[in-house]
Amino acid sequence: KGCVQFTYDASAKKLTLLHVNAGFSCCPEEIKAEVSVDDGIIRIIESQRGPNCRCDCLFDLHIVVENVPPRTFGIVVEEPLRNAQDVPIDFTIDLAKDTQGEHCVARNFYPWGM
């Protein structure tokens with residue numbers, strides 16, 4: 001499965017996300033997570049740079065989003081290896097109420113499972 005864990009520091013307005021089991025090629029030069037905050041949606045676009053191996057692996061990505069007010073946000077993660085049949089990571093958090101939590105989705109295809 002793939003999960004996004006979050007912790008929120010209201011005094012610093014800092015949201016920390018951990019994408020557990022993010023799928024990428026096993027030998028990337030660089031893994032990136034571009035973050036945009038627009039109209040109540042925090043969108044994370046994951047990508048990699050470098051040669052693709054003949055295998056895929058799972059990584060944990062640590063993402064920090066600054067200047068996040070304590071309100072409700074949708075979190076959307078665009079994953080490069082997600083199979084079209086797997087549910088996307090797309091959920092809502094209310095940072096006025098919750099300072100930590102986790103959202104998980106099933107992953108049934110390689111590299112998560114077979």
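This report walks through salt bridges in the structure above.

The model is predicted, so local features need pLDDT of at least 70 and side-chain atom pairs count only at pLDDT 80 or more, while totals for chains, interfaces and linings use all residues. Side-chain values use heavy atoms, leaving out hydrogens and water, and residues are numbered from 1 along each chain as its sequence is written.

The structure holds six salt bridges, a salt bridge being a side-chain nitrogen of Lys or Arg within 4 Å of a carboxyl oxygen of Asp or Glu. Here are some of them, including the distance between the closest N and O atoms:

| Acidic residue | Basic residue | N to O distance |
|---|---|---|
| Glu29 | Arg49 | 3.1 Å |
| Glu34 | Lys32 | 4.0 Å |
| Glu79 | Arg107 | 2.4 Å |

Let's start with Glu79 and Arg107, whose side chains meet at 2.4 Å. Glu79 sits in the loop between strand 6 (72-78) and strand 7 (89-94), and Arg107 in the segment after strand 8 (100-105), so this pair ties together parts 28 residues apart in sequence. Strands here are DSSP runs (E, at least two residues), numbered from the N terminus. Both Glu79 and Arg107 are buried, meaning under 20% relative accessible area; exposed is over 50%, and partly exposed lies in between (1.4 Å probe, protein chains only).

Next comes Glu29, which is exposed at 55% relative accessible area. Its partner Arg49 is partly exposed at 46%. Glu29, Glu30 and Arg49 are linked in a network of salt bridges.

Finally, Glu34 pairs with Lys32. Glu34 is partly exposed, with a relative accessible area of 48%, and Lys32 is also partly exposed, at 36%.

Key:
Helices (H or I, at least four residues) and strands (E, at least two) are DSSP runs, numbered from the N terminus.
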